[in-house]
Amino acid sequence: MLPLPPAPGWFCARPRSPPLPIRSPPTRASTAAMASESAPSTGGRGEAKGAKRVVVCGGGVIGACTAYFLAKNGAAQVTVVEKSAVACAASGKAGGFLALDWCDGGPLSALARASFHLHRSLSLLLDGPNAYGYRPLDTLSLHLLPDGSFSASAGASPLLPPWVDGATARPPSTIGTVETTAQVHPQLFTRRLLASATAEHGVEVVIGEAERVEVEGGRAVAVVLKEGSRAIAADAVVLALGPWSDRFPLVSSLFNVYGRKAHSIVLLPKDPAAITPHALFLSYQPSPGAKLLDPEVYPRPTGEVYICGMSKDTEVPDDPEQIVGERESIGMLHKVAGSVSSHLKYGEAEVVAEQACFLPCTDDGLPVIGAIPGVEGCYVATGHSCWGILNGPATGASLAELILDGRSTTVDLKPFSPSRFLRKRAH
């Protein structure tokens, strides 16, 4: 049996079995998306007579995916409200790792599988390989010794790519193949999807801070921007603000969303062509007796290499632009990078970014996707933790179906319904 890898994107659920080859056909949602995009354009959805007005609060991957699927068939006139910039927080600083079956055996399984297939079909529609670095890749689990350690096993395994020349405690294991794991550049993916939604389907993007949802007669009727600068009328409102979702009493009165601060660095080696497409999930002990760490390494088609793995629960600042990495955590990631490869040693590779972001988490570890109880026309989509980039497409497709058709057929959203917190309170 293969050893279980550390969790992708800062300690998520681990795969429960060795990866399986893809045998299932594309999901209904992916087929519908391909059929819709291949049909002649008749203008944005907002041009359709009687289109439902939907305001999506949040310009991250969840908001972008929701806006895209709401708008693509002409039944909704969509406005996205974003405080700072599209993909300015976790959606721009995550790893972008995609896995077909790592959530199997739990509530996330159907969501993850549907989303993995949707990523593949969206890549065909949106020129993913060129536009945002979509590509399948092999994934390895590796037990790494500290930089400077000696190991006779280093480089001995045929699975180990030549650029991974650090000391290893044992041979690597394959935990994902080009059939079951892939990647995107998350910021480029989010921006490409929303750019397509605006250019081809009439979605409007408003830069401003959503202050509250206006409710009349038990129904959401508008989103009011900060200081009353503007009120955007709506037939439905979606709150997809990541860890900032709990700034709205409609959310905070029902469940808790908190932020886990995660660090990452992006390096550009002197010889990018030497870095092959192998994602690495590491077990790393900085020194004897030290706490075992689970860093992750993602080479990108741009030639850059993304490394992450240091996280902590801490208060989320009001402005995503205020988020900066902590020097100790950034320093440890540089140490990890040098231990993985001589190509990534400090001074040998250009430092493109040293950064941090906040992953939205919930008390029960599951995302919250669905209608907010007691307020007709108000929906929430948050709490995806490290799986936000993977699960964005199926979340957006399912929520769009729920809003427009009254039920979701892409994925059953019952496990993620906000109403589950009402049941817990009753007990």
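1. Let's start with a pair you can find by eye: Val56 has Val80, in strand β2, as its bridge partner. Keep in mind that you're looking at a predicted model, so treat this as a tour of a prediction.

2. Now zoom out from that pair to the strands. Strand β1 covers residues 52–57, and six bridges pair β1 with β2 in the parallel sense. How does the chain get from β1 to β2? The route goes through helix α2, residues 61–71, and this β-α-β crossover is right-handed. Try tracing that path on screen, from β1 over α2 to β2.

3. β2 has another partner too. Strand β8, residues 204–207, runs parallel to β2, and four bridges join them. Look at Val80 again here: Val205 in β8 stands opposite Val80. So Val80 is a handy landmark, because a strand pairing is built from bridges, and Val80 is matched with Val56 as well as with Val205.

4. Is β2 mostly covered or mostly open? Mostly covered: β2 spans residues 76–82, and six of those seven residues are buried.

5. Next, a backbone oddity. Ala87 isn't a glycine, yet the phi angle of Ala87 is positive, near 60 degrees. You'll find Ala87 in the loop that links β2 to α3, the helix at 90–93. Is Ala87 buried or exposed? Ala87 is buried, with a relative accessible area of 1%.

6. Asp127 makes a nice companion case. Asp127 is also not a glycine, and its phi is positive at about 55 degrees. The loop holding Asp127 sits between α4 (109–126) and α5 (128–131). The surroundings are worth checking: Asp127 has 39% relative accessibility and counts as partly exposed, whereas Ala87 is buried.

7. Last stop: Ser408, in the loop between α9 (388–405) and α10 (420–426). Why does Ser408 count as buried? Because the relative accessible area of Ser408 is 19%, and buried means under 20%.

8. What does the side chain of Ser408 reach? One target is the backbone oxygen of Val411, at 2.6 Å. There is also a polar contact of 3.5 Å between the side chains of Ser408 and Ser398. Leaving aside residues up to four places away in sequence, Ser408 touches Ser398, Glu401, Leu402 and Leu413. Ser398 therefore turns up both as a polar partner and in that list of touching residues, where contact means heavy atoms within 4.5 Å.

Notes: Residues are numbered from 1 along each chain as its sequence is written. This is a predicted model: local features need pLDDT of at least 70, side-chain atom pairs count only at pLDDT 80 or more; totals for chains, interfaces and linings use all residues. Side-chain values use heavy atoms; hydrogens and water are left out. Buried means under 20% relative accessible area, exposed over 50%, partly exposed in between (1.4 Å probe, protein chains only). Helices (H or I, at least four residues) and strands (E, at least two) are DSSP runs, numbered from the N terminus. Two strands pair if DSSP finds at least two bridges between them. A crossover is right-handed if, with the strands pointing away from the viewer, the path from the first strand over the helix to the second runs clockwise. A polar contact is a pair of N or O atoms within 3.5 Å; within protein, one must be able to donate a hydrogen and the other to accept it, and residues adjacent in sequence count only if both atoms are side-chain atoms.
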